Amino acid sequence: MADLSVIESQTPLDPASPLAVRGLTVSYGEKPALFSLDASFPAGKMSAIVGPNGAGKSTFLKAALGLIPKVSGEVSVFGREVDRVRDRIAYLPQRASVDWDFPTTARDVVLMGLYGQVGLWRRITGQHKAHALACLDRVGMADFADRQIGQLSGGQQQRVFLARALAQGADLFLLDEPFAGVDAATEAAIIDVLKSLQAEGRSVIAVHHDLSTVAEYFDHVLLVNLRRIAEGPVATTFTADTLADAYGGRLGAVQIEALALQGA
């Protein structure tokens with residue numbers, strides 16, 4: 001395999017960006033998953049990470065957070081190293097990566113989002129529980145606070161994990177396919193919450209698989225297929241050319257044109 005670490009980007013990291021990466025390269029064994037990728041997401045916007053299956057979208061988020069090792073590259077969050085600002089980041093993983101059989105209630109899951117503030121060994125107070133309930137209420141799950149997480153539907157589980165992210169009071173929300181496997185009502189509820197976070201000045205970056213809603217939901221888009229294909233405002237970046245570059249023969253010409261018209 002070629003030495004991926006020798007390729008260095010000259011693009012400077014933007015200190016104003018909630019998440020900026022330069023020359024990010026990740027490899028699983030001898031198989032490159034991301035190759036010298038640069039990205040810089042705007043503050044206070046809804047941003048989508050889009051690309052075909054296996055393009056490295058989830059890998060991008062995990063590597064940026066330091067959850068998996070990278071071959072090379074730099075990452076900054078609000079202009080600082082990730083480990084220095086983890087309290088400003090909320091991460092919502094894919095549902096498939098969560099152990100839903102773990103015996104805990106919806107309220108307890110949300111309280112886990114407060115551990116960074118409370119600490120592992122300090123007592124959870126009534127105020128903390130009230131805050132957790134308020135977060136559940138914000139996602140329409142207050143009535144399920146005492147329900148075992150494994151007894152909830154997929155959409156309900158996703159809402160609870162979003163409530164946990166809300167409890168953290170983060171400035172940057174990173175979500176890995178938050179709408180995958182949920183019903184239309186849950187998707188609408190989640191997007192309403194994310195839009196409200198944006199209205200509060202928070203930044204949202206989501207791996208997204210439904211190309212038909214990119215223009216409706218997001219302001220900014222990063223198209224990825226092992227490398228950066230294009231990045232920028234949806235209106236000027238989500239085009240027929242960039243979609244063709246990202247997806248190749250996986251999308252038909254008519255479908256690409258229709259999607260590009262939605263973004264225009």
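These are legends for several close-up views of a predicted model.

**View 1. The whole chain, before we zoom in.** The protein chain is built from 10 helices and 9 strands. Of its 264 residues, 50% are buried. Take the contacts between residues at least 6 apart in sequence: 67% of them join residues at least 24 apart. The accessible surface comes to about 12300 Å², and carbon and sulfur atoms account for 50% of that. As for confidence, the mean pLDDT is 88, and 85% of the residues reach 70 or more. Go easy on residues 1-7, though, where pLDDT stays under 50. For that stretch the model has 15 contacts beyond four places in sequence.

**View 2. Strand β3 and its two neighbours.** How many of the residues of β3 are buried? The count is 5 of the 5, so this strand is largely enclosed by the rest of the structure. M46, A48 and V50 point one way from β3, while S47 and I49 point the other way. Two strands run parallel to β3: β7 (residues 203-207), joined to it by 4 bridges, and β8 (residues 220-225), also joined by 4 bridges. To find your bearings on the β7 side, look for A48 with its bridge partner A206. On the β8 side, look for S47, which stands opposite H220.

**View 3. From β3 into α1, by way of N53.** N53 sits in the loop between β3 (46-50) and α1 (57-65). Is N53 buried or exposed? It is exposed: its relative accessible area is 68%, and anything over 50% counts as exposed. Y247 is 194 residues away from N53 in sequence, yet the two C-alpha atoms are 9.4 Å apart in space. Carry on into α1 and the picture changes, with 8 of the 9 residues buried, so this helix is largely enclosed by the rest of the structure. The buried residues of α1 are K57, S58, T59, F60, L61, A63, A64 and L65. An α-helix has 3.6 residues a turn, so residues three or four places apart point the same way. Just after α1 comes G66, with a positive phi of about 80°.

**View 4. The β8–β9 hairpin.** Here β8 pairs with strand β9 (residues 227-233) in the antiparallel sense, over 6 bridges. One handy landmark is L223, whose bridge partner in β9 is A230. What lies between the two strands of this hairpin? There is 1 residue between them, and in the hairpin L226 takes a positive phi near 70°. Remember that β8 also has 4 bridges to β3, with those two strands running parallel.

**View 5. Positive phi at S36 and E177.** Most residues other than glycine have a negative phi. S36 is not a glycine, but its phi is positive, at about 45°. You'll find S36 in strand β2 (residues 31-41). E177 is another residue other than glycine with a positive phi, this time near 50°. E177 belongs to the loop between β6 (172-176) and α6 (184-199). Buried or exposed, then, for E177? It counts as buried, because its relative accessible area is 19% and the cut-off is under 20%.

**View 6. Aromatic rings, plus one arginine.** Searching the whole structure turns up 3 aromatic pairs. One of them is Y217 with F218, an edge-to-face pair at 6.3 Å centre to centre, with 65° between the planes. Both Y217 and F218 are buried. Add F179 and you have a cluster, with F179, Y217 and F218 linked by ring pairs. Which residue lies over the face of F78? That is R88, at 3.8 Å from the ring centre.

**View 7. The loop around G140.** G140 has its place in the loop between α4 (126-138) and α5 (154-167). This glycine is partly exposed, with a relative accessible area of 47%. Pick out Q156 as well: Q156 and G140 are 16 residues apart in sequence, and 8.9 Å separates them in space, C-alpha to C-alpha.

Conventions. Residues are numbered from 1 along each chain as its sequence is written. This is a predicted model: local features need pLDDT of at least 70, side-chain atom pairs count only at pLDDT 80 or more; totals for chains, interfaces and linings use all residues. Side-chain values use heavy atoms; hydrogens and water are left out. Buried means under 20% relative accessible area, exposed over 50%, partly exposed in between (1.4 Å probe, protein chains only). Two strands pair if DSSP finds at least two bridges between them. pLDDT is the predictor's confidence in each residue, from 0 to 100. Contact means heavy atoms within 4.5 Å. Rings of Phe, Tyr and Trp (its six-membered ring) pair if their centres lie within 6.5 Å; planes under 30 degrees apart count as stacked, over 60 as edge-to-face and the rest as tilted. A charge sits over a ring if NZ of Lys or CZ of Arg is within 6 Å of the ring centre and within 35 degrees of the ring normal. Accessible areas come from the Shrake-Rupley method with a 1.4 Å probe; for residues, only the protein chains shown count as cover.
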